[in-house]
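Q: I should like to look closely at a single helix and at how it fits into the rest of the fold. Please describe that one part in connected prose.

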Amino acid sequence: MQQQTDLDLITAVLAGDTSAYALLVNRHKRFVFTMALKFARNREDAEEIAQDCFVKAYRALGTFKQKSKFSTWLYTITYTTAMTFLRKKRIETHSIDEENSHLHLHNHISTFEANGIEKKSKYVYLNLAISKLLPDNAAIINLFYYGEQSLEEIAKVLNMESNTVKVKLYRARLRLKEKLEYLLKEEVKELL
């Protein structure tokens, strides 16, 4: 049996088959939650954001014009829901002193023990560096690399021109490199 496309499922939902929406949710829940977690930085808030996204998407499904992929439309909802949530929550800021004390703890690790640990550590440091970016920069990095969205798709999600996204992605990469250099000093050369 051939798997139904997102558009097939949307058509079924709009025709009254609400169980088809559960299939859409199952198909996209992991990435929506991951994106929400990147913004919220804690599991409880990310779950709330993800749930809000799927409720909003269900209510607005009739407005989906099919000019882009469903995933792009859904990630747009995820981005705007997360930004609204963060504005309402007024995310706490961290001082430079906190970053310095965090850095001192990590500087005591002089070598990686094994390839598996080294690889995991790279992802830990990379995710830590992404978490220190401004939300817009983190969104572009996450959508491009983790979400595997094209510049055009990211432009639709963020409601920007493709060229603007390209420039912002370039700048976000530079800021990410700076954060990694700050966190890892010499080890960043091995990561890049």
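A: **Helix α2 and its surroundings**

Helix α2, made up of residues 19-40, has 22 residues and reaches 29 Å from its first C-alpha to its last, close to the 32 Å expected at 1.5 Å a residue. The model described here is a predicted one. The helix contains a kink of about 50 degrees, centred on histidine 28. Directly after α2 comes arginine 41, whose phi is positive, near 70 degrees.

Histidine 28 is also among the buried residues of α2. The others are Ala20, Tyr21, Leu24, Val25, Phe31, Val32, Phe33, Met35, Ala36, Phe39 and Ala40. Some regularity in such a list can be understood from helix geometry: an α-helix has 3.6 residues a turn, so residues three or four places apart point the same way. The buried residues of α2 pack against four other helices, namely α1 (6-14), α3 (43-60), α4 (70-89) and α7 (135-146).

The next subject is the nonpolar core. The largest one has 54 residues, of which Tyr21, Phe39, Phe70 and Leu143 touch the most other members. Two or more residues are given to this core by each of α1, α2, α3, α4, α6 (115-131), α7, α8 (151-158) and α9 (162-184). The most comes from α2, with 11 residues. Tyr21 and Phe39 also appear among the buried residues of α2.

Charged side chains provide a further link. The structure holds 4 salt bridges, and one of them joins aspartate 6 to arginine 27, with the closest N and O atoms 2.7 Å apart. Because aspartate 6 lies in helix α1 and arginine 27 in helix α2, the pair ties together parts that are 21 residues apart in sequence. The two partners can be classed by their accessibility. Aspartate 6 has a relative accessibility of 16% and therefore counts as buried, the cut-off for that class being under 20%. Arginine 27, with a relative accessible area of 31%, is partly exposed.

Another salt bridge, away from α2, is formed by the side chains of lysine 69 and glutamate 153 (2.9 Å, N to O). Lysine 69 lies in the loop between α3 and α4 and glutamate 153 in helix α8, so this pair ties together parts that are 84 residues apart in sequence. Lysine 69 counts as partly exposed at 44% relative accessibility, whereas glutamate 153, at 15%, counts as buried.

Terms used. Residues are numbered from 1 along each chain as its sequence is written. This is a predicted model: local features need pLDDT of at least 70, side-chain atom pairs count only at pLDDT 80 or more; totals for chains, interfaces and linings use all residues. Side-chain values use heavy atoms; hydrogens and water are left out. The expected span of a helix is 1.5 Å times one less than its number of residues. The bend at a residue is the angle between axes fitted to the seven residues ending there and the seven starting there. Buried means under 20% relative accessible area, exposed over 50%, partly exposed in between (1.4 Å probe, protein chains only). Contact means heavy atoms within 4.5 Å. A nonpolar core is a set of buried Ala, Val, Leu, Ile, Met, Phe, Trp, Tyr and Cys residues joined through side-chain atoms within 4.5 Å.
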